[in-house]
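Let's take a walk through this structure together, moving from the backbone to the aromatic rings and then to the place where the chains meet. Keep the model open beside you as you read.

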Number of protein chains: 2
Amino acid sequence: LLAGGAWRFDEASSNQDRFGMVMRQHQPDNLEFPFAATNAYITPNERFFVRSHFEVPRITTETWRLKIEGAVQKSLVLSKADLDALPQRDVTATLECAGNGRVFLVPRAKGLLWEGGAVGNAVWTGVPLADVLKLAGLAPEAVDIVLEGADKGAVNDDPKTPGVIQFARSIPRARALKPDVLLATKMNGQPLPLAHGFPVRAVVPGWYGVASIKWLQRIVVLDRLFDGYHQTMDYAIFERKHGLPILTPLTQMQVKAQIARPGRFETVPVGHDYVMHGAAWTGEGTIGKVEVSTDGGRQWSSAELLGEAIPAAWRLWQYRWHTPATSGTVKLMARATDNRGNRQPMERDNDRRTYMINHVMPVEVEVH
Amino acid sequence: LLAGGAWRFDEASSNQDRFGMVMRQHQPDNLEFPFAATNAYITPNERFFVRSHFEVPRITTETWRLKIEGAVQKSLVLSKADLDALPQRDVTATLECAGNGRVFLVPRAKGLLWEGGAVGNAVWTGVPLADVLKLAGLAPEAVDIVLEGADKGAVNDDPKTPGVIQFARSIPRARALKPDVLLATKMNGQPLPLAHGFPVRAVVPGWYGVASIKWLQRIVVLDRLFDGYHQTMDYAIFERKHGLPILTPLTQMQVKAQIARPGRFETVPVGHDYVMHGAAWTGEGTIGKVEVSTDGGRQWSSAELLGEAIPAAWRLWQYRWHTPATSGTVKLMARATDNRGNRQPMERDNDRRTYMINHVMPVEVEVH
């Protein structure tokens with residue numbers, strides 16, 4: 001074997017702590033972080049998953065403008081300096097891609113096959129959207145607030161876009177007026193990275209990442225619900241009303257616990273204590289409980305919740321597992337329940353199409 | 001930030017050296033290793049990429065049989081004990097999936113979107129296929145040797161299979177008779193893992209992994225070339241003959257150098273020495289040269305080749321890069337040339353459909 005030789009490198013180039021990002025698509029780049037490598041409450045910017053639908057727009061702070069128009073008393077055009085002059089606020093929020101976990105759907109889904117790393121937790125700094133809407137003055141008939149990004153493109157597979165369109169999503173008036181929805185300019189104390197929406201993005205805490213429009217350029221206030229492409233054909237699920245399946249834009253993140261370690265296919269030692277750990281999150285609420293099963297779902301034990309319960313931010317959890325005394329394959333599971341009583345389901349609901357994937361997904365490990 | 005808390009775990013459960021595998025498909029599981037984490041000449045079994053087309057067949061050593069039939073003097077049925085009684089041979093060989101690097105094809109391809117980790121280098125132990133063919137005696141009209149696995153299934157998207165079929169590929173007589181083609185029972189000194197073809201797989205050194213049929217159950221000798229599903233509709237490219245595009249099964253791996261570190265999006269220090277390193281491989285030949293560019297392809301410098309030149313096995317290389325004195329984005333490239341004069345192209349050839357991806361693919365890093 002020695003015939004193959006070995007690299008001779010120093011510390012800088014052999015940093016074994018560098019897990020890197022996993023590429024799920026190139027141009028536009030879509031990247032996730034290997035969730036097993038999560039090592040802290042805050043996800044560093046360079047480890048935060050990147051979801052880009054179209055080419056990343058390159059915007060300068062100087063030329064950036066935000067238009068606010070539609071059902072408002074007074075249309076506005078704000079510069080970055082205008083925004084910076086308004087009162088700022090910090091919000092800790094977890095953003096999860098609505099397709100996170102999609103690789104586990106069987107048969108194989110069409111979209112990006114995220115494993116478990118299309119989620120991250122950061123401190124966002126910016127101006128509450130409500131303050132900007134107040135400046136413009138919402139008209140009485142205002143119902144839906146459309147956020148439009150500077151990113152644009154065409155989807156050429158069915159269902160197709162009507163040519164090139166801007167990426168846009170809406171949030172209903174009541175949600176938009178809550179003070180935690182930000183027009184964010186900072187991520188973990190740094191200016192927003194290019195891939196994360198520089199210079200300004202929305203952050204809608206508790207909602208799937210798609211609502212938090214990056215490279216924000218326009219706010220259009222509508223007098224009816226916005227049935228845009230990215231919340232009907234894309235990022236929408238079927239909800240049943242009186243038995244009728246009705247296409248509905250997805251909104252809040254679903255309650256979910258993910259196991260960071262042990263990772264899938266990891267070998268853990270026989271008859272040892274192993275600290276299983278991970279994170280759990282829900283929509284606008286907080287996590288009430290995380291339970292762990294080390295026997296494939298027959299028995300469940302409570303995990304320890306760490307830190308404080310912060311709405312719309314994930315919560316770290318851990319569980320001291322005494323591994324079996326004999327070798328074999330073990331199915332580990334974690335399931336979360338939130339403070340509103342929502343608990344992760346054991347089975348997948350196909351009405352959710354390929355989104356909102358929060359059923360309990362076992363992690364098989366080898367005890368040896 | 002401290003409100004979020006922190007895990008308290010011991011060494012066993014915080015092993016930062018554990019990179020884990022990246023899941024590209026679930027059921028059947030298709031996994032790659034994050035190539036940036038490659039740290040030695042030999043790829044450990046648990047870090048070797050897994051490519052499964054259908055459900056993994058579970059075979060016991062006791063019931064396993066290998067049939068040899070078709071254009072032979074005498075049909076044979078061998079047991080595992082029969083195979084173990086024949087002279088064994090070790091071969092070091094790199095196996096690369098024909099779709100390795102597919103995530104970099106634009107627009108997005110349909111198949112599994114491998115990044116760069118669907119490649120590994122192992123020592124395989126087994127009986128030369130030639131010895132088994134000799135026992136059966138090839139008929140004079142024997143042209144093509146079909147290897148059939150115990151894995152079977154149906155492809156339901158176009159192009160469809162004719163119902164459920166076994167996975168099967170062929171190698172032409174001349175190649176099959178060379179002594180390096182093995183019916184392997186060991187991988188790096190261990191019994192073949194289930195996912196890698198237990199109890200017996202073929203290993204065809206220098207050829208894309210698809211030729212190295214796992215869970216081998218039958219060898220069929222044909223008097224003409226085998227136009228099976230997995231070498232016409234799948235795993236075939238267009239070759240031009242007198243300008244005519246002709247569908248041709250892919251065979252040898254194409255010459256290719258991959259950069260392990262720095263990884264994509266890695267930040268490297270300003271004005272420091274950094275040991276860029278990676279591996280390079282080709283088909284049945286050896287690597288003659290690896291060149292590196294740190295300026296996006298304008299200038300090229302020779303990297304140092306480590307170890308010995310072993311046909312069909314990868315070769316480690318390294319290059320001491322003095323990083324720029326100022327911050328910025330740098331495009332790193334590596335390109336290999338083999339001992340037969342084949343050099344990696346700079347551009348993608350679309351006749352290769354979504355296979356044989358060996359054009360130079362830059363790694364962008366941040367110098368800071």
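Start in chain B, where Pro107(B) is found in the loop between strand E5 (89-96) and strand E6 (119-128); strands (E, at least two residues) and helices (H or I, at least four) are DSSP runs, numbered from the N terminus. A cis peptide bond joins Val106(B) to this Pro107(B), with omega about 0 degrees. Chain A offers a cis bond too, between Asp158(A) and Pro159(A), where omega is about -5 degrees. Pro159(A) lies in the loop between strand E7 (144-153) and strand E8 (165-172) of chain A.

Before going on, a word on what you are looking at: this is a predicted model, in which local features need pLDDT of at least 70 and side-chain atom pairs count only at pLDDT 80 or more, while totals for chains, interfaces and linings use all residues. Residues are numbered from 1 along each chain as its sequence is written, chains are lettered from A and ligands numbered from 1 in the order in which they are written, and side-chain values use heavy atoms, with hydrogens and water left out.

Why are such backbone spots worth a look? Most residues other than glycine have a negative phi, and most peptide bonds are trans. Met356(A) is not a glycine, yet it has a positive phi of about 55 degrees. You will find Met356(A) in the loop between strand E22 (328-338) and strand E23 (363-367) of chain A. With a relative accessible area of 7%, Met356(A) is buried; buried means under 20% relative accessible area, exposed over 50%, and partly exposed in between (1.4 Å probe, protein chains only). In chain B, Trp215(B) also has a positive phi, near 50 degrees. Trp215(B) lies in the loop between strand E11 (201-203) and strand E12 (216-222) of chain B, and it counts as buried because its relative accessibility is 1%.

Two more residues help you get your bearings around these loops. Asn358(A) lies in the loop between E22 and E23 of chain A and is buried, with a relative accessible area of 2%. Leaving aside neighbours within four places in sequence, Asn358(A) is in contact with residues including Gln254(A), Lys256(A), Pro345(A) and Arg352(A), where contact means heavy atoms within 4.5 Å. Gln217(B), in strand E12 of chain B, counts as partly exposed at 26% relative accessibility. Again leaving aside neighbours within four places in sequence, the contacts of Gln217(B) include Arg65(B), Lys67(B), Glu148(B) and Gln166(B).

Now to the aromatic rings. How many aromatic pairs does a search of the whole structure find? There are 12 over all chains. Rings of Phe, Tyr and Trp (its six-membered ring) pair if their centres lie within 6.5 Å; planes under 30 degrees apart count as stacked, over 60 as edge-to-face and the rest as tilted. Phe35(A) and Trp314(A) make an edge-to-face pair, 6.2 Å centre to centre with 85 degrees between the planes. This pair links distant parts of the chain, 279 residues apart: Phe35(A) is in the loop between strand E2 (30-32) and strand E3 (65-70), and Trp314(A) is in the loop between strand E20 (304-305) and strand E21 (315-322) of chain A. Phe35(A) counts as buried at 9% relative accessibility, and Trp314(A) does so at 2%.

In chain B, Trp281(B) and Trp314(B) form a tilted pair, 6.0 Å centre to centre and with 40 degrees between the planes. Here the partners are 33 residues apart, with Trp281(B) in strand E17 (residues 273-281) and Trp314(B) in the loop between strand E20 (304-305) and strand E21 (315-322) of chain B. Both Trp281(B) and Trp314(B) are buried. Back in chain A, Phe48(A), Phe49(A), Trp114(A) and Trp124(A) form one aromatic cluster.

Charge meets ring as well. The charged end of Arg335(A) sits over the ring of Trp300(A), 3.9 Å from its centre; the rule asks for NZ of Lys or CZ of Arg within 6 Å of the ring centre and within 35 degrees of the ring normal. In chain B, Arg335(B) lies over the face of Trp300(B), at 3.9 Å from the ring centre.

Finally, look at the two chains together. A rotation of 180 degrees with 0.0 Å of shift along its axis superposes chain B on chain A, with an RMSD of 0.0 Å; the fit is by least squares on the C-alpha atoms of residues with pLDDT of at least 70 in both. That is the relation of a two-fold axis. The same surface serves both copies, as 100% of the contact residues of chain B recur in chain A. In the interface, 61 residues of chain B are in contact with 61 residues of chain A.
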